[in-house]
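Please look through the sequence and the structure below before reading on, and keep both at hand while following the text.

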Amino acid sequence: MSAATDLPGLTATALQVVAVVAGAPFVVGGMRQVRARLEGRAGGGVGQPWRDLRKQLRKQQITPAGTTVVFGFAPAVVAGTTLLIAAILPLIALGSPLDSAADLFGVVGLLFLGTVALTLAGLDTGTAFGGMGSSREITIAALVEPTILLAVFALSVPGHSANLAAIVSATADHPGQLVSPGSLLAFVALAIVIIAETGRLPVDNPSTHLELTMIHEAMILEYAGPKLALVEWASGMRLTVLLGLVANLFLPWGVAGAHPSVLAVLIGLVAISAKVAVLAGVLATGEVFIAKLRYFRIPELLAGSFLLALLAVTASYFFATPT
Amino acid sequence: MTTALDDSPTVPAPDQGLTAARQARGQAVLSGGVTAALGVVGVAFGLSAVFGQSWHLRIGWLLPLVGVVFDLGPLGGFFVAATGGVSIAVGIYAVGYAQREHWAAFTLVMLPLFVAAMLLVPAAGSVTTFLLAWELMAGASLVLVLSEHRREAVRSAGVFYAVMTQLGFVAILLALVVLSAAGGGDAFATISAHSGAVSAGTRTAVFLLTLMGFGSKAGLLPLHAWLPRAHPEAPSPVSALMSAAMVNMGIYGLIRIDQQILGPGPNWWGLTLMVFGALSAVFGVLQASVATDLKRLLAYSTTENMGLITLALGAAALLSSYGAHQVAAMAMTAALLLILSHAAFKTLAFLAAGSVLASTGLRDLDKLGGLARRMPGTTVMFGIAALGASGLPLGAGFVGEWLLLQSLIHSPHNNNTLLALMMPLSVGAVALTTGLGIAAMVKAFGVGFLARPRSAAAEAAAEAPVSMLAGMTLGAAACAVFAVAPVALSPVLRQVLAALPTVGGNEAGPALGGYLRLPGIPGSMSPGLIAAALVIAVLVALGLGRWGWRRRPVAAAAALWACGADSLSSKMQYTATSFAEPLQRVFDNVLQPETDVEVTHFAESQYLVEKVTYRTTLADPVERRLYTPVVRAVTTWAQWVRRAHPGSVHLYLAYGALGLLVVLVISR
């Protein structure tokens, strides 16, 4: 592959990963801050998640009795899959050397690999909380998968490819496709799915510790110290990466090309940071006004998004712009 | 296992114990060794046939009039090689398993015979030979299913299996007889040469009959009901052979008769295959995700995977009939890849389930748990199989499912409403299948092997002997190759595809190099590179987690959080039933569970509850809706016919005379 020896592309990819690793806690902190201000609280500041991480990483490593390596390695697998996704996606520049190694289906697969690792860890603890969280999480994941793949389908119709660079550059070249019914429906479907997959309101409340409503938090209840830090870091990175993906799939401006100059990379970095910040702010604002759905109402929401995705595909078939 | 005790012929006296053990060992080694050797022969012949060496053999004296004809081409070779591969792993495994479970001599003899019969089916070159081999395979498998016949459940499963497999055979027999009458000969080569002259009506009849017969063997809806009965009750190595190799013969039949000999068919053939495939996949995986019996779960997963393969086959046929040969070649390659990967991970899964069963006597996930510490080797093996079955990256099934999805989304749809509707719906079905498959496999692995033991039997589990682990290792190695280096299969798939002109065989299929490339479409993927990059990424993540480790106090173990109580009992864990409860509720309408809640109040006050009994049963709704009425109708009819033979010899003589008269009148 010529892309593998392409130095600017490699640098851009490395920068992308570093930006996600460093920026994810700020995204989480920013969302908490927006929520706090809207609720009339002072809030802990945008940097609070970073301070939490530093504190957790210095704490004692605790192994709950009876757990196996599955529990021990799950945080690293979640974080690892997320880092890999960050390296594949065209966040700052298009020319990731891994772009041709994994298309959108591969990315979805990696995302689910991380989810599966955490659900197994929840079961591995052998507590009621762990099992409960895992059961709920895997049910949502199973119902999310059809929508994600159909949305991928809808998005890959205009670019005739499921590889991300092709989709993003097709949208950048034909911005008119963005206002097509297929694209809009796919956006809504994907947004719902990402909210479900990252455990935000109304599917899961990231700040709850009430056993009746916990999903993600129940699953990771036994984690403490450095491993908890890794899990929380990873879930922040997942959120960041997925917001970045949505941003660039539907607003691909500012993304540097395959062989970018230094300036283009910097513009790309600023552009994606701004897009993710705006999306995160919108998401956090929206969350203030809605309550968590009852668990058994979530499938209805997901069925709705599945229908939207199906319509998106059909629409992109019937209203396909001639190329 | 209780049946192991039942099946051992006599309890040997102490002085004879050593000799008897040595004899049992010798018999097991012989049986397993012959099975594995047959597997090696199968792989060798199969691969040589795939690469162009066609084998032709005619034994005239074996069957009167027509003789026995074997004719092994690339397609048959592919299935012979796949069956052979499964048999090698099962043969090695059976050496240990047969000793541990004290197999009777009869079972030991039937195991290699079953493998031999399965190897002969794809090698058959004529209708008669095919039917003979098919019936040998069905008979041998039936006998093996019944090898623990002292248990009631086994006998009932055996009857069910016998009836369904014979009804399927009748359908195939009718189809092939009609076909050979219309095609002017007994040999497949002759029929193939004259297939153009076969009338449309005959084609339709043959297609429908073969769909029924081969579909029941492959476990497609609604003829799947024997799988979740027979596979759990058969000894585990036999389950592995049936589930990973025998069901493939149904797919082989569909490809060989309907595509290679009769094809290309009208477009509704492909459409029908797609519909039945999608329904089977979704229904199978849904049942698997709520099943609590480990082997029943795996059996339903077989229905799911055969459904996906049939869907891919149907898509290839449909696309081909619309002239989209390139995408059809992709779909067909996906079908072939799925056959191989399913064979690998399902062999491994059933063998690992067999280890668990041999060690604990349990198949019920609700009573298992904690095996990761007690059977680490088996746990790793089942983990690899479960990863393969869930279709995630690094799993054996990923590449096949990826190709299937790619072929569905890249189907051309120009002005064709049928394709424009069918393909998105199929993608939805495949995606739902994958999602629920992940849930089913997380349940099987997480509840069955992780956490803490839920019963005394699971607590006392011990690791399987070396030969069983060796057999499983072989399956795991195959899974690993399919997962990260499908390039190894590329030459085989190319050859087989070239033998299937009606499903895109004239086109170059997808290039399975280090990068998987799609022909004519800008799309690629590299499972090997993903695996390598993921290893690096996980190492980086571990590095991130070590940040500041110098300042940490020494690591320690701590008790689990028990909400302030003293300790957690293992009964407080989630079980397989509770784990799948949300899914069961979501798919309430399809699964139709029957739930009884019985509340007993205290005599003093009806506001105080003394106890609550909760019972839920999940019967197969298709079975209840379709099979029960049929069985009832047959029984009613039999009762009615019974009136005609009250036991009077005079009446029977009258029947005979009447019958003779009718024959005479007709034949005059």
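The paragraphs that follow go from one helix to the contact between two chains and then to the nonpolar core.

The model shown here is predicted, and a convenient place to enter it is helix 3 of chain A, which runs over residues 69-88. At 1.5 Å a residue, the 20 residues of this helix should span 28 Å, and because its end C-alpha atoms are in fact 28 Å apart, the expected and the modelled span agree. Helix 3 of chain A nevertheless carries a kink of about 30 degrees, centred on P75(A), and the helix is mostly covered, with 17 of its 20 residues buried.

Where do chains A and B meet? In this model 73 residues of chain A are in contact with 69 residues of chain B, and the elements of chain A that give two or more residues to its side of this contact include helix 3, strand 1 (62-64) and helix 9 (225-250). Helix 5 of chain A gives the most to that side, with 17 residues, and by class the side of chain A that touches chain B has 42 nonpolar, 23 polar and 8 charged residues. Strand 1 of chain A also pairs with strand 6 (residues 556-558) of chain B, in the parallel sense and over 3 bridges, and P64(A) stands opposite A558(B) in that strand of chain B.

The largest nonpolar core holds 348 residues, of which A151(A), A312(B), A331(B) and L348(B) touch the most other members. Helix 13 (residues 325-360) of chain B gives the most to this core, with 25 residues. Leaving aside residues up to four places away in sequence, L348(B) touches several residues, among them M381(B), I384(B), M472(B) and C479(B).

Definitions and conventions:
Residues are numbered from 1 along each chain as its sequence is written. Chains are lettered from A and ligands numbered from 1 in the order in which they are written. This is a predicted model: local features need pLDDT of at least 70, side-chain atom pairs count only at pLDDT 80 or more; totals for chains, interfaces and linings use all residues. Helices (H or I, at least four residues) and strands (E, at least two) are DSSP runs, numbered from the N terminus. The expected span of a helix is 1.5 Å times one less than its number of residues. The bend at a residue is the angle between axes fitted to the seven residues ending there and the seven starting there. A residue is buried if 20 or more other C-beta atoms lie within 10 Å of its own, exposed if 12 or fewer, and partly exposed in between; C-beta atoms are placed from the backbone. Two residues are in contact if their C-beta atoms, placed from the backbone, lie within 7 Å. Ala, Val, Leu, Ile, Met, Phe, Trp, Tyr, Cys and Pro count as nonpolar, Asp, Glu, Lys and Arg as charged, and the others, Gly among them, as polar. Two strands pair if DSSP finds at least two bridges between them. A nonpolar core is a set of buried Ala, Val, Leu, Ile, Met, Phe, Trp, Tyr and Cys residues joined through C-beta atoms within 7 Å.
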